[in-house]
Amino acid sequence: MQIFFIKTVVISTVFIFISQFSLAQSGSVEGIVLESGKSSPLEYSTISIYTQKDSVLVNGTISDLNGVFLFENLKAGTYYLKTHFIGHLPSIISNVLVDKGSKTNVGSIVLSFNQKVLDEIEITGEKVTTINKIDRQVYQADKFEAAKGGTATDVIKNMPSVNVNGLGEITIRGSSSFVVLINGKPIQASPQTILNQLPANAIENIEVITAPSAKYDPEGKAGIINIITRHGATDGLFLQFNTKIGLPSIEDYDNPENAQRYGGDFTLNYHKDKWDVSAGASYIRNDIAGRREGDVYTILGDTKHQFPSDGERSFDEINYSGRFTLGYTPNKNNSLNFGFFAGKRSKDRLADIVYDNKATSISNPTNPPIYQIQYYNHNLRIRRSDFILGSVDYKHTYESKAELSTSLLYEYTLLGGPTVNQNVSSTVYQDEFNTNDNPLYGIRFVLDYKSKPLPIGIIETGYQFRNLDHTGDFVYDRLNNETGNRELVTDFSSSVNLKRSIHSVYGQLSGKKDKVSYGLGLRIEAMDRALELQDKAGSPPEILNYNFVKPFPSANIQYEMNDEFRIKAAYSKRVQRTTTFKMNPFPEREHSETLEQGDKNLLPEFVDVVELGIVKDFGKNSIFATAYFRNSKNLIDRVNTIYNDSILNRIYSNVGTGKSLGLEVGTELQPIDWWKIYAGLNIYNYDVEGQFVFDPVFGGGEVIPVNTSSTVYTINANTTFDLSSTLTLQWSINYLSSRNTAQGKDSRYLSPNLSIKKSWLDTRLSATLQWLNMDMGLMDTNEQRITTWRENQFFTTTNYVYEVDVIMLNLSYTINRAGKKANFIKSEFGAQEF
């Protein structure tokens, strides 16, 4: 690894050297657009270049995220530039001289606010829901009223690619393996944890990147969700308060305790001269009432063991955190940012279930049962995560507009939590307790270079180092009913230590020539993984090593047929890394009928993604369609085996190859001024082919083939009615069709919602009333059945029924609505394991 590390640094240095000294081959004009007052970049400004002599339009472009723009392949002559940005006064720069082979830098173009225009925009302006870019779809978070007062999960489930099922599992194009970024900062995080932690009110935009370029970490086979946090003050103070409260449950499902739903958050940003201070805090209590109905049987020899069940399955969830960022910009060429994030999160799942167990003879089904017993199972699983993160970021911008940036992130997270499992008949005849403490230490270092605009485009290169050290101590004990003492169960108790280090370098070229925009990149990554396992029976430790050096290429291209029609294509190589949880081979008692364990030899998935899409704009309306193919090798899925007559064992295993071929369509329509329609459809065929080792306790190992195929579709849509300038009504629906899994089938899932929003005080104060998971006893909303089986071995089906007809009230008050991003950091390592 040391040799590879040296090579990667040398390669990065060579890339940077070549980038800095590339020679221009034709005349060009470049510059940067800044906002008056604080000289911050104005992204997406419109710049047009005209001939000075006769005012003929030669070309047009927009500024990038850093306000930089570039015109290439210009004939020798004299030109002038005209720059626009909404809400600002236009700027004209005359007598821009271009010679053959020259590079003319017009410097900074500073745009001032046009207060009259801003006032008009505030009254009549309307943001679109979706913006289509060459490599991503961008969604305006505040267009989804049902998400107000909720979390980022409530926002993203409205994207065409995204779905959230009855168990709260988030998927993109059918895969739960994706990465979350916060303001473009790469992180390794569990979507369910990160997205449930971030308040929806703090989000400005959501970017869905399904075929990322090589400059991004290749983690996540389904791609990336980039969350852009809400803007703060342009120069001065931005402050927003939000609070929510839920009305009492209409249906409590006979749960003994009432579900509680309330919370609040605030976002503060203060900018003055060279300093930028951002702070935020949130508290969310979001309980869910519910129940589960199940039926399971196993077949061992001539005996069929059946244990149907029914009872409570509810969640108590609490998230609270604080975030702070300090930014210092001593001059236009340098910026320094410090970030801090700390908090606690917990999720308690209570399953109080009544089981009716009986065993019957298969050959003589009319005989009396071999045995029959009814018992009550109390199962409480508590998951906790306390964390502290810190980051330092520095960026230097050269006079040539080239950039050098670096970032360092450190995280400490304490993961863990107990599970209590008690089986009660006339007395408590089984009392088990398992707990674990899993401290995690993670570090990430990034060094990036971005060249000045060159005739061939912009070259980006960089190096990244990531290191993870995750230890776990798992203790499982059982009450001895004869002695009254608790005894260690060595088969289920263990120590697990996962260490993983990653070195990577990348090179990326992106640019535009005439109507063609393009990007081409290559990332080379070297990973070392060491897993150390030791049971509590005194056996010597077992160490398993796995490493690779692999290339991860990417490419994208877009052709503008005209101003309203674009065609684009993309390719990306991805990897889905294994987590400690999915590699821990020691079983954990999930609940009465289920053990759950990982595979110590689990391999990462390697994924190829290909896309072909079109974008069409017409007036206030737009539509996009993307066809895609995803091929996943070493597919990781959860499969069931038999542990004993009344317990199934869920095991994470590599089951073969998974292939998805699909079409994603989204549209935004405005038939009339006060009525808007947004809809997204994703339909795909999903094939899984391969095998896994079936190794029950009773009998030897057996290789089981897997061959399943299904067509799945999801619908996310809403329609909005502007009843007045301050009153809005929105109805939305999220639908997931049934789908096949490696061993069974998941049923469909439905969630309709209705929201009405009223604003006062020039929109600074707003109230949103939500009716979530509309049902009224008519639609089987917010429930899903999960079924798995193997012929002549076992069958299990469980219907999860969660709360419907939930009524929420959200209040929001904002001071100073003008905007700048509040750059909060997020978990890099610990959230994935949580």
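## Exercises on a predicted model

The protein chain has a mean pLDDT of 84, and 86% of its residues reach 70 or more; pLDDT is the predictor's confidence in each residue, from 0 to 100. Residues 1-25 have pLDDT below 50, and this stretch makes 33 contacts in the model beyond near neighbours in sequence (contact means heavy atoms within 4.5 Å). This is a predicted model, so local features need pLDDT of at least 70 and side-chain atom pairs count only at pLDDT 80 or more, while totals for chains, interfaces and linings use all residues. Residues are numbered from 1 along each chain as its sequence is written, and side-chain values use heavy atoms, with hydrogens and water left out.

### Exercise 1: the overall fold

Work out how many helices and strands the protein chain has, and what share of its residues is buried.

Step 1. Go through the secondary structure: the chain comes to 6 helices and 47 strands. Helices (H or I, at least four residues) and strands (E, at least two) are DSSP runs, numbered from the N terminus.

Step 2. Turn to burial: 54% of the 834 residues count as buried. Buried means under 20% relative accessible area, exposed over 50%, and partly exposed in between (1.4 Å probe, protein chains only).

Step 3. Look at the contacts between residues at least 6 apart in sequence: 69% of them join residues at least 24 apart.

Step 4. Check the other low-confidence stretch. Over residues 696-700 pLDDT stays under 50, and the model has 8 contacts there beyond four places in sequence. Where pLDDT is low, the predicted coordinates should not be read in detail.

### Exercise 2: the nonpolar core

Find which residues touch the most other members of the largest nonpolar core.

Step 1. Pin down the term: a nonpolar core is a set of buried Ala, Val, Leu, Ile, Met, Phe, Trp, Tyr and Cys residues joined through side-chain atoms within 4.5 Å.

Step 2. Pick out the hubs. This core has 23 residues, and Met159, Ile206 and Ile225 touch the most other members.

Step 3. See where the members come from: helix H3 (152-156) and strands S11 (162-164), S12 (170-172), S14 (203-209) and S15 (224-229) each supply at least two residues of this core.

Step 4. Zoom in on Ile206. Beyond four places in sequence, its contacts include Val155, Ile156, Met159, Ile225 and Ile227, along with Gln137 and Asn226.

Step 5. Now look elsewhere: apart from this core lies another, of 15 residues, including Val639, Ile651, Val688 and Phe692.

### Exercise 3: an internal cavity

Locate the second largest cavity and say which residues lie nearest its centre.

Step 1. Set the rules. On a 1 Å grid over the protein atoms alone, a cavity is a set of points where a 1.4 Å probe fits but cannot get out; lining residues have an atom within 4 Å of a point. Grid points are joined across faces, edges and corners, and a volume is the space filled by probe spheres set on the points.

Step 2. Count: the whole structure has 12 cavities of 30 Å³ or more, and the second largest has a volume of about 170 Å³.

Step 3. Read its lining of 19 residues: Gln137, Thr210, Lys568, Glu611 and Thr626 lie nearest the centre. The elements giving two or more residues to this lining are S14, strand S32 (565-576) and strand S35 (605-618).

### Exercise 4: polar residues, buried or exposed?

Decide whether Asn436 is buried or exposed, then do likewise for Glu403 and Asp287.

Step 1. Asn436 sits in strand S26 (residues 428-450). Its relative accessible area is 8%, so Asn436 is buried. The side chains of Asn436 and Asn438 are joined by a polar contact of 2.3 Å (a pair of N or O atoms within 3.5 Å; within protein, one must be able to donate a hydrogen and the other to accept it, and residues adjacent in sequence count only if both atoms are side-chain atoms).

Step 2. Glu403 belongs to strand S24 (residues 403-416) and counts as buried at 11% relative accessibility. Glu403 and Tyr449 are 46 residues apart in sequence, yet 5.7 Å apart in space, C-alpha to C-alpha.

Step 3. Asp287 is in the loop between strand S18 (275-286) and strand S19 (290-300). With a relative accessible area of 1%, Asp287 is buried, and its contacts beyond four places in sequence include Arg261, Phe315 and Glu803.

Conventions:
1 Å grid on protein atoms, 1.4 Å probe; cavity = no way out; pocket = protein on both sides within 12 Å on 5 of 7 lines; lining within 4 Å.
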